[in-house]
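User: I would like to learn how to read a structure of this kind, feature by feature, with the general idea before the particular case.

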Number of protein chains: 2
Amino acid sequence: MAGRIVLIGLGSNVGDRAEHLRVALQRLGSVPGIAVVRASAVVESELVGDGPAQGKFLNAVAELRTNWPAVALLALCGELETMAGRVRPAPRNHPRPLDLDLLFDGDLHIDSRELVLPHPRWHEREFVCGPLRELGYDLAALPKVERPAVIESPVAMAAQCSRWLAGGCVVGLVPTMGSLHRGHASLMELARQECDRVVATIFVNPLQFGPGEDFAAYPRDLTGDVRLCKQAGVDAVFAPTVAQMYDPEFCSQVAVGPAAATMEGALRPGHFAGVATVVARLFALARPQRAYFGEKDAQQLAVIRRMQKDLGFPLQVVGCPIVRETDGLAMSSRNVYLSAEDRAASTVLSRALASAQFAWQQGERDRDRLLARARVVMAAEPRAQVDYIELRRDVDLAELPAGPVADVRMLIAARFAGGVRPVRLLDNARLGAGSWS
Amino acid sequence: MAGRIVLIGLGSNVGDRAEHLRVALQRLGSVPGIAVVRASAVVESELVGDGPAQGKFLNAVAELRTNWPAVALLALCGELETMAGRVRPAPRNHPRPLDLDLLFDGDLHIDSRELVLPHPRWHEREFVCGPLRELGYDLAALPKVERPAVIESPVAMAAQCSRWLAGGCVVGLVPTMGSLHRGHASLMELARQECDRVVATIFVNPLQFGPGEDFAAYPRDLTGDVRLCKQAGVDAVFAPTVAQMYDPEFCSQVAVGPAAATMEGALRPGHFAGVATVVARLFALARPQRAYFGEKDAQQLAVIRRMQKDLGFPLQVVGCPIVRETDGLAMSSRNVYLSAEDRAASTVLSRALASAQFAWQQGERDRDRLLARARVVMAAEPRAQVDYIELRRDVDLAELPAGPVADVRMLIAARFAGGVRPVRLLDNARLGAGSWS
């Protein structure tokens, strides 16, 4: 009988475990087009991962010869599990009368929503490795799936995401400029929960830096960044060079209107066109269904939401809460450039926001009196040079008339000049959005 | 046994046909998780469609009860066909010992590269309809797939394309402003050959019309357009209103640099930003792998190619040859507004190009002498007011210095004022690109 060699893992920890494994192999072999070539001896193992207290597993690995496509084998395995009495849906890691996993399908690589081959964790499981060794396999020669993949070329990135899309995956994108901290990790962890595949991008985008700004000096640490991405469960890190992102004849620009004109847009001409252009390019390349941005750059988030709506990218822009140091300073890659004195003084932004927040909780709703509360706090810190303190409509950061306000966000930008280079810090808070310390 | 009811069609026209059908049903019923509930009597039928001379088919329809996913049943059917002696790959419509088709899977609609359910042509086949009636089905109550789907909402369009992408389909996009003619049909037919699903868009885009231009008067005929799309095999027609494409707060713009500054760009300020913006929006919404544009609007094609590269849309922009009337006039939706006299005179553009083409074939390579050939022809037609005659580098329409040239395209624009409204005509040709009449 012709066909590919497919390796499957079998497990059982409920009832007559050996009988469950025996019946499963007998049923597999009775299916037209499938032959069970051989099976390992059974081994006993504890549950891997979390789960309620339960009995040990009996495990084995079997070699099938078949022409059946992997997706049909997967359905068949699910059906055999059901026939053995397994209930679906069932909580994760509950006791199972039968658990069948596809491990390898010849040299085939599959990376779809339902099925990843080779099995992504086979090499971490002794109850798979042991039986494989017994069957004579050289474990070092068997293929592994490495995560995260580190991808430099935009074409390769687009191709990887295309394969995931064609496999039915929900792809989550986390665009960053690298130099990652816990704030970034929180975006990736949320993406990990909500998506089938997570792509983090690391690219210091020259288009969004002005002539006198810190493009060259922006902190960079790809090795550390990849390590953090791995810990956060990222599937691919896209880290192109500037030349790979923008060819010599690159000349298009995505311009966003009023949302980009004030605050950061007024102080950094061209900044938001650079942001909108690179984010549009990342959306176009990766075609994610969800994209994650921190609320720390609240105006950037508003600009990106507008661009996403206007150009029609069919994805959800997800804004994530600011992550703070224990003393309240919002996390930022540029914080490392603060002098010790400026670092101590830098909490003034979060204190100013907290002061407005407190006034709000006391019932204050007047625009200018809320602003005055924050201004008083900022003015008391001579190391901070305030660029702006603004109170804006939360949903799109539109300006508000004087008088009573509702659904507002306060935004502050200030410069600190005491370190090796001047540092601008941004912070913001939705007033009335619960307490934060 | 629980499960969904799945209807399959069986056919055979080689060997012991009844035995092939009987064995197939017996093998299906022996697979864990699949029960054959009942089968129709067999009926005899001729081959449908083209193919070599061959024997008649024996057909039947069977009802299965199963929990298997449809895609796994499809793979199983393929395996059973192979076991019956069917060779793959085989030419289309050759004799088959066994042919299994999924017809219905409960109420499920599937529209992937491998599988469309309900079967898109079940109702056209008496060898399916007869057995279904025999099994007691009310054919009028069974679902049909209507093509093309006419879709107005951008969200619905994006969702449809998402389903196709997740099903592994290659999606081809044909953006148009409607008022379709044979030129458009040629784009759709090429897309039909090269893609799994074809989306035609019909949208007269206000962003690309200047204040004094013919936005309101641009010809519109959705009913006729949908008819042409159906004939060309289009799967979905996307025909949004202006309000659906651009919400009241829409404010983003995609600007393209030098390629958009001369010729049409100089005469129609803002035109190409409008084109680049709407095409970027269509690319973002539909996420096609291929997009088709006519070469008649050669500069538009160059602008779109630049935008596609710069924003990184992972798709192939396909330029398609100009389709002409028998007298040489390039097809255009605006041709209908030419007066009879202007219509007769309008061949001057293609004659001017032909004259330059003839000079090229005679060995002329000098930029200005080639231009002079075309100018002489245009000047001889007083009804045509020339906007420009240009010779540009073919690949990106960059300007060329005086002297000898290679790989060039000649572009002409002229106005005709004799009809109910003035009409601008465009035409162009790659010099040396074979003869055309």
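Analyst: What follows takes up confidence, overall build, the contact between chains and one sheet, in that order.

User: How confident is the predictor in chain A, and which scores does the model get?

Analyst: With a predicted model, one begins with the confidence values. The mean pLDDT of chain A is 94, and 99% of its residues reach 70 or more, while the model as a whole scores ipTM 0.92 and pTM 0.93.

User: Into which domains is chain A divided, and what are its overall dimensions?

Analyst: For the overall build, one can go from the domains to the secondary structure and then to burial. Chain A is divided into domain 1 (4-141), domain 2 (149-320) and domain 3 (333-430), and the centres of domain 1 of chain A and domain 2 of chain A, taken over C-alpha atoms, are separated by 39 Å. The C-alpha trace of chain A spans about 80 × 55 × 40 Å along its principal axes, and the chain contains 13 helices and 17 strands. Of the 437 residues in chain A, 43% are buried. When contacts in chain A between residues at least 6 apart in sequence are considered, 70% of them join residues at least 24 apart.

User: How many residues does each chain give to the contact, and which element of chain B gives the largest share?

Analyst: The size of an interface is often given as the accessible area lost when the parts come together. Here the description is by residues: chain B gives 44 and chain A gives 42. On the side of chain B that touches chain A, the largest share, 8 residues, comes from α2(B), and by class that side has 27 nonpolar, 10 polar and 7 charged residues.

User: In what sense do the two β12 strands pair, parallel or antiparallel?

Analyst: Strand β12 (residues 253-255) of chain A pairs with β12(B) in the antiparallel sense, over 3 bridges, and A255(A) has Q253(B) as its bridge partner in β12(B).

User: Which strands stand at the edges of the open sheet in chain B, and why is one side of each left without a neighbour?

Analyst: To read a sheet, one can follow the strand order and then look at the edges. This open sheet of chain B has 3 strands in the order β15-β16-β17, with antiparallel pairing. β15 (384-393) and β17 (423-430) of chain B are the edge strands, and each has a single partner strand, so one side of each has no neighbour in the sheet. From one strand to the next, the twist averages 15 degrees. Strand β16 (residues 408-416) of chain B is joined to β17(B) by 8 bridges, and F416(B) has V423(B) as its bridge partner in β17(B).

Note on methods:
Residues numbered from 1 in each chain as written. Chains lettered and ligands numbered in written order. Predicted model: local features only at pLDDT ≥ 70, side-chain atom pairs only at ≥ 80, totals over all residues. pLDDT = per-residue confidence, 0-100. Domains from an automatic or database assignment. Contact = placed C-beta atoms within 7 Å. Helix = DSSP H or I, 4+ residues; strand = E, 2+ residues; numbered from the N terminus. Nonpolar A, V, L, I, M, F, W, Y, C, P; charged D, E, K, R; others polar. Pairing = 2+ DSSP bridges. Buried ≥ 20, exposed ≤ 12 C-beta atoms within 10 Å, placed from the backbone. Axes fitted to C-alpha atoms, helices over the stretch in contact; angles between N-to-C directions.
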